[in-house]
Amino acid sequence: MKRSTAAWSFAGVIAGFAGLAVNFALTELLNQPGAVVAVADLVRDSTPSGIVNWARENSGKAVTIPVILLILTVLFALVGRLARTRWWMAVAGYGVVAVIGSIAVLTSVDATVARLVPVALGYVAMVGSMALLGERLRRLQALTDDQLFGDLWRGRRRDFLVIVGAVAGVASVSTIAGRLFGQDVRKQKEEQKSLRLPVSSPVVPAGVRVDVDGVQPWMTPADDFYLIDTAFSRPVVLAEEWSLRIHGMVDREITLTYNDLIAREGVEAWITLNCVSNEVGGELVGNAWWSGALLAPILAEAGVQPGADAVLQTSVDGWNCSTPLEALTDDRGAMLAVAMNGEPLPRDHGYPVRTIVPGLYGYVSGTKWVVDMEVTTFDAVDAYWTQRGWGELGPVKIASKVEVPREGSEVAAGEVVVAGTAWLQHTGISAVDIQVDGGPWTPAELGKAANTDTWVQWRATTVVEPGDHTVTVRATDADGNVQTSVRADVLPDGATGWHSVGFTAS
Ligand SMILES: Nc1nc2c(c(=O)[nH]1)N[C@H]1C(S)=C(S)[C@@H](COP(=O)(O)O)O[C@H]1N2
Ligand SMILES: [Mo]
């Protein structure tokens with residue numbers, strides 16, 4: 001008896017996942033959000049901001065879908081078990097899952113009723129698979145004790161397992177097919193390859209590097225560039241289908257296509273981008289050669305009306321941020337970027353077009369997959385992270401980091417090289433000092449600054465006795481302001497405090 005309930009639960013799980021696989025395959029092929037991802041989006045956007053901020057972007061993101069799948073597994077097992085005595089429980093149980101999926105899909109960005117079709121077919125696959133499996137199980141259970149040890153039992157068990165295999169096989173094949181052929185991914189790769197963008201390859205300026213092993217590369221390769229966004233499944237947007245609408249408090253609404261954008265006069269610049277969630281000494285910062293079109297002349301063509309002070313930028317997946325209008329119209333070079341390090345933007349970094357604004361954290365400015373800009377006022381709007389307690393304006397804060405020696409490393413006593421990076425985009429860094437074991441501050445040597453919008457590398461040498469040591473760094477900005485030692489959390493508007501590294505000399 002026990003074994004048979006386990007078999008029913010197992011059948012319930014197999015049937016449930018078959019339905020999820022069918023939904024996944026169809027939505028990938030149609031380039032729509034899948035039901036599981038839609039549920040994850042719904043969970044993310046309806047979770048209280050305290051929890052979202054605690055789970056901070058990526059770490060919260062990493063567990064959401066596994067947890068949803070785990071809950072579904074338990075639910076499917078229960079449905080299977082209940083269906084043993086009451087067949088309608090399969091219809092009702094999977095029905096509940098389908099209703100939740102439908103609600104999630106209908107509340108996703110650009111939802112249409114047609115999006116219910118993959119949910120409905122997934123549901124049909126669940127109930128249908130469960131019916132098939134249930135029928136076989138029922139036959140197995142009808143066997144008498146004698147038959148249970150005979151050929152009949154073996155035959156029927158094999159029947160059941162064949163159906164399990166078939167259902168699981170169909171589920172796996174659809175999942176793989178969805179991955180391979182779906183989501184316009186292939187089309188996008190081909191498009192990226194065939195684009196001939198009027199952009200130049202990056203040439204790292206002379207003198208910016210301090211040439212110390214272990215300091216991160218001055219130009220961050222796109223593959224190593226940190227990734228932060230709220231998307232559970234990053235949007236796949238084709239350049240040929242992309243457009244950006246600029247509207248709101250403007251005299252003339254503008255819609256730009258990709259070709260319009262690259263036909264404009266180009267701009268290229270080294271710009272360091274960082275995340276407000278970057279802890280002291282953290283990794284959420286990178287420096288790249290960005291190419292695109294300046295935003296200021298585009299906004300001027302639209303004719304910004306008096307009284308506006310913000311631009312609400314929205315991405316294709318519905319994320320948004322409000323950027324101070326001034327940062328987009330002054331001479332700092334805010335751009336709609338189409339290329340990163342001389343290549344079309346990678347999908348994960350916002351292909352085909354994203355915004356890059358020197359001097360502002362990414363969460364208020366660097367919209368990936370940007371499709372809409374509404375000129376407005378801060379009073380009138382409340383953007384995604386602002387609603388969750390993060391600062392409205394988001395100017396970057398000065399930061400510096402020891403990268404050599406590494407935390408906990410062992411070095412030879414005597415002369416030790418210390419090196420790292422420091423940044424305050426749009427203002428620039430004028431000096432970096434280090435301090436060993438709480439002693440006097442001594443100046444580091446700076447690599448050349450390419451411009452005020454990029455990080456600088458620095459190096460210094462110090463002499464240490466054998467034993468444990470701590471080295472601390474602090475930077476001074478181009479206006480002479482020294483980086484504060486006061487520690488602040490990343491919430492609400494960026495971390496402050498000095499970075500220290502402990503090492504042992506022997
Ligand atoms: N569409 C979209 N754009 C976004 C975000 C997002 O969640 N969705 N996150 C922002 C944040 S918080 C940062 S720090 C930068 C990171 O850009 P990257 O992933 O290319 O490094 O993107 C910004 N643009
Ligand atoms: Mo960020």
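## Strands 13, 16 and 17

In this predicted model, strand 13 (residues 414–423) runs antiparallel to strand 17 (residues 456–464), and 9 bridges connect the two. To find this pairing on your screen, start at Gly-414, which stands opposite Val-464 in strand 17.

Strand 17 also pairs with strand 16 (residues 445–446), again in the antiparallel sense, here over 2 bridges. Glu-445 is a handy marker for this pairing: its bridge partner in strand 17 is Arg-459. As general background, the strands of a sheet pair through backbone hydrogen bonds, in either a parallel or an antiparallel way.

## The sheet around strand 19

Let's move on to an open sheet of 5 strands, whose order is 12-19-18-14-15 and whose pairing is mixed. Its edges are formed by strand 12 and strand 15 (441–443); each has a single partner strand, so one side of each is left without a neighbour in the sheet.

Strand 19 makes a good guide to the mixed pairing. With strand 12 (residues 410–411), strand 19 runs parallel, joined by 2 bridges. With strand 18 (residues 467–477), strand 19 pairs in the antiparallel sense over 7 bridges. Thr-504 of strand 19 takes part on both sides: Glu-410 stands opposite Thr-504, and Thr-504 is also the bridge partner of Asp-468. Another pair to look for is His-469 with Phe-503, the latter in strand 19.

How enclosed is strand 19 (residues 499–505) by the rest of the structure? Of its 7 residues, 5 are buried, so strand 19 is largely enclosed.

## Around ligand 1

Ligand 1 has 19 residues around it, and those that come nearest are Tyr-226, His-349, Arg-354, Gly-366 and Lys-368. Two of these also show up with polar side-chain atoms beside an oxygen atom of the ligand. For His-349, an N or O atom of the side chain is 2.6 Å from an oxygen atom of ligand 1. For Arg-354, a polar side-chain atom lies 2.7 Å from an oxygen atom of ligand 1.

A nitrogen atom of the ligand has a polar neighbour too: a polar side-chain atom of Ser-315 lies 3.1 Å away from it. How much of the accessible area of ligand 1 does the protein cover? On its own, ligand 1 has 530 Å² of accessible area, and the protein covers 100% of it.

## Helix 8 and its two faces

Helix 8 spans residues 185–194, and its buried residues are Val-185, Gln-188, Glu-191 and Gln-192. Looking down the helix axis, you will see these buried residues fall within an arc of 120°, so they line one face of helix 8. Against what do they pack? The buried residues of helix 8 pack against strand 8 (343–344).

Turn to the face of helix 8 that points away from the buried side, and you will find the exposed residues Glu-190, Lys-193 and Ser-194.

## Two buried loop residues

Val-237 belongs to the loop between helix 8 and strand 1 (243–248). Is Val-237 buried or exposed? Its relative accessibility is 11%, so Val-237 counts as buried, a label that applies under 20%. Leaving aside neighbours within four places in sequence, Val-237 is in contact with Gln-188, Trp-242, Val-316, Tyr-351, Pro-352 and Trp-369. Gln-188 in that list is one of the buried residues of helix 8. Val-237 also sits 8.0 Å from Asp-184, C-alpha to C-alpha, although 53 residues separate them along the chain.

The second loop residue is Gln-32, between helix 1 (2–29) and helix 2 (35–46). With a relative accessibility of 17%, Gln-32 counts as buried. Not counting residues up to four places away in sequence, Gln-32 touches Thr-27, Arg-115 and Pro-118.

## The chain as a whole

Stepping back, the secondary structure of the protein chain comes to 12 helices and 19 strands. The C-alpha atoms fill a box of roughly 90 × 70 × 45 Å along the principal axes. Of the 506 residues in the protein chain, 52% count as buried.

Contacts across the sequence are well represented: among contacts in the protein chain with a separation of 6 or more, 76% involve residues 24 or more positions apart. The protein chain exposes about 22800 Å², and carbon and sulfur atoms supply 58% of that area.

How values were computed: Residues numbered from 1 in each chain as written. Chains lettered and ligands numbered in written order. Predicted model: local features only at pLDDT ≥ 70, side-chain atom pairs only at ≥ 80, totals over all residues. Heavy atoms only, no water. Buried < 20%, exposed > 50% of the residue type's maximum accessible area, 1.4 Å probe, protein only. Helix = DSSP H or I, 4+ residues; strand = E, 2+ residues; numbered from the N terminus. Arc of directions from axis to C-beta. Contact = heavy atoms within 4.5 Å. Near = heavy atom within 4 Å. Polar contact = N/O pair within 3.5 Å; in protein donor to acceptor, adjacent residues only side chain to side chain. Areas by Shrake-Rupley, 256 points an atom, 1.4 Å probe, with all protein chains shown as cover. Pairing = 2+ DSSP bridges.
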